[in-house]
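Please look over the model below with its interior spaces in mind. The paragraphs that follow go through the cavities, a pocket and the ligand in turn.

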Amino acid sequence: MTALAHLERALTGRLHRPDADGFAELTAREFAALDDPPAAVAQVRTTAEVVAAVRGAREAGLSVAVRSGGHSYAHHSAGPRGLVLDVRGLDSVSIDPDALVGHAGGGATAGAYSRAAGEHGLATGFGDAGTVGVAGIALGGGIGFLSRRDGLTVDNVLAAEVVLADGSVVTADPEHHPDLFWALRGGGGNFGVVTSLTLRLHPTSAVTGGMLVLEPTPERLAAANQAVLDAADGLSAMINLLVAPPAPFLPESLHGRPIMLVLVCWSGPEADAAEALAPLRALGQPLVDDIGPRAYADMLQGPPRSPQPLHPVMRTGFTDRLDEQWAATAIEAVTTARTFTALNLRPMGGAIARVPVDATAFAHRHHAVMASVAAPTPDVTALPTAQAWADATAGSLGLVGAGYMNFMSERTADDVVAAYPGGILERLREVKRTYDPGNVFRYNHNVTPAPAGPGG
Ligand SMILES: Cc1cc2nc3c(=O)[nH]c(=O)nc-3n(C[C@H](O)[C@H](O)[C@H](O)COP(=O)(O)OP(=O)(O)OC[C@H]3O[C@@H](n4cnc5c(N)ncnc54)[C@H](O)[C@@H]3O)c2cc1C
């Protein structure tokens, strides 16, 4: 019996090959794909099944791709030489309110975890979308509505259970496999299959958050960013610049107009909310202001879904000086583009900046602002134009040479170098050589055991 046939029996109907009914739905993800289908998809529900699948893949000479929330921009599927491990069945969530600790299975979503934690008035910070996988966001960094108060998601990971390339199961935490524990917090899915994460929880009974929409000017864009950087740590925000799409959450009068859409979250004392938000509200007459008390889980709405599958085009980087000239360049680029484009700013600082840079494999916490430009398109023939716009805009804004892995839509060796500057990439390679020397887990922003040649 072949290794995959053996696995097929062990998974009782949950190993699917490309000729199986529903294979396309099974491999569908948030974004449109150009990849060839994988050799098979294994739907796993337990750590023991993950072990069997990793061993089966190796015996069959296949590499392993992990599919959790399915939201990666770089669309890390596997080609015909790969087995996709669909870990969505590992969706357990448990909350220990006394210990302020939560546990999430390797396929649990940020939304499910946040709703469970919210029942106890607690939260761990993720991003802006509840449909993203906890493991997927946590392995890359995790920047969102609680980051300036509580740090990135990686800063709140206390331990991880991991199935390694040889099929062994280890727990990585500060005392056990500290090298692996360091690498998992920012180094992505390069080191094994995470079957569960232990996360720190923070009291968060409710937040004051929502959307503030303003007419964009260079002064306002720069001032909004500075207002968040100057605010108390309880204020986190995402500042978006775009031409308003015909989306139902925006008044029709705004459709087609350039807007600055600020998603804010004040997680400090409710009594201080008005004072904390005053500098943002003072930026000008809002076109929309729906900020109010909300459960943290309700903040995780994410961007509206496109009616057609999109090909993501994202360029991400960092900037330390966001002045009016920078803002004017961004506004000009976004508002004159011929297709849909957007700029997303995430002012950092606060608790993110208080963690030493080398404490985790997320390499960029010393910067003031994360900035991303996006030019998603449903039209594959429009990709070269969208990519050219994104490259040119990222270049003119100085967003090159360093990037956030979770926001990268490309996965070249140069992207990996940009994600892990300084000595971080070589340190990750050392960990890779220890835990996955054969590069079984290669369908990601791949940290190869040895440098991959020029630029790699
Ligand atoms: C709509 C949207 C909104 C987003 N908002 C934010 C945001 O606000 N902040 C932010 O920081 N990021 C955000 N992201 C980016 C997101 O964090 C990454 O795309 C992340 O990788 C998605 O994880 P996933 O599990 O959903 O995706 P998947 O595509 O399933 O996984 C992505 C990769 O993570 C690894 N991985 C996932 N689970 C495991 C596991 N159990 N074991 C081992 N490896 C695993 C694998 O390498 C996999 O290829 C957003 C993405 C989208 C699409």
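How many cavities of 30 Å³ or more does the structure hold? In this model, which is predicted rather than determined by experiment, the structure holds 4 cavities of that size.

The largest cavity is a suitable place to begin, and about 70 Å³ of space lies in it. Its lining is made up of 11 residues, and those that lie nearest its centre are Thr-27, Arg-29, Arg-67, Ser-77 and Val-84. The elements that give two or more residues to this lining are α2, which spans 23–27, together with β3 and with β4, which spans 82–86. Of these, β3 provides the largest share, with 3 residues. When the lining of the largest cavity is sorted by class, 5 residues are nonpolar, 3 are polar and 3 are charged.

The second largest cavity has a volume of about 50 Å³. Among the residues that line this second cavity are Ile-143, Gly-144, Ser-147 and Arg-148, and the lining also includes Ser-236, Ala-237, Met-238, Arg-346, Pro-347 and Ile-352. Two or more residues of this lining come from each of α6 (147–150), β13 (235–243) and β18 (342–347), with β13 giving the largest share, 3 residues. By class, the lining of the second largest cavity comprises 5 nonpolar, 3 polar and 2 charged residues. Where does this cavity lie with respect to domain 2 and domain 3? Because domain 2 (93–203) and domain 3 (207–407) both give residues to its lining, the second largest cavity lies between them.

From the cavities we may turn to a pocket. The second largest pocket has a volume of about 240 Å³, and 15 residues line it, with Leu-34, Tyr-73, Ala-74, Pro-312 and Ser-409 lying nearest its centre. The lining of this pocket divides into 8 nonpolar, 4 polar and 3 charged residues. Here the two contributing domains are domain 1 (3–88) and domain 3 (207–407), and since both give residues to the lining, the second largest pocket lies between them.

The ligand remains to be considered. It is surrounded by 34 residues, of which Arg-29, Ser-68, Gly-70, Asp-128 and Tyr-404 are the closest; Arg-29 is also one of the residues that lie nearest the centre of the largest cavity. Which atoms of the ligand come within reach of polar atoms of Asp-128, Val-194 and Val-66? A nitrogen atom of the ligand is 2.7 Å from an N or O atom in the side chain of Asp-128, and a nitrogen atom of the ligand is 2.9 Å from a polar backbone atom of Val-194. On the oxygen side, an oxygen atom of the ligand is 3.5 Å from a polar backbone atom of Val-66. Taken alone, the ligand exposes 950 Å², and the protein buries 96% of that area.

The elements that give two or more residues to the shell around the ligand are β3 (63–67), α5 (134–140) and β10 (193–200). The largest share of this shell, 4 residues, comes from α5, whereas in the lining of the largest cavity the largest share comes from β3. By class, the shell around the ligand contains 15 nonpolar, 15 polar and 4 charged residues.

Conventions
Residues are numbered from 1 along each chain as its sequence is written. This is a predicted model: local features need pLDDT of at least 70, side-chain atom pairs count only at pLDDT 80 or more; totals for chains, interfaces and linings use all residues. Side-chain values use heavy atoms; hydrogens and water are left out. A residue is near a molecule or strand if one of its heavy atoms lies within 4 Å of it. A polar contact is a pair of N or O atoms within 3.5 Å; within protein, one must be able to donate a hydrogen and the other to accept it, and residues adjacent in sequence count only if both atoms are side-chain atoms. Accessible areas come from the Shrake-Rupley method with a 1.4 Å probe; for residues, only the protein chains shown count as cover. Ala, Val, Leu, Ile, Met, Phe, Trp, Tyr, Cys and Pro count as nonpolar, Asp, Glu, Lys and Arg as charged, and the others, Gly among them, as polar. On a 1 Å grid over the protein atoms alone, a cavity is a set of points where a 1.4 Å probe fits but cannot get out, and a pocket is an open set with protein on both sides within 12 Å along at least five of seven lines; lining residues have an atom within 4 Å of a point. Grid points are joined across faces, edges and corners, and a volume is the space filled by probe spheres set on the points. Domain bounds come from an automatic or database domain assignment.
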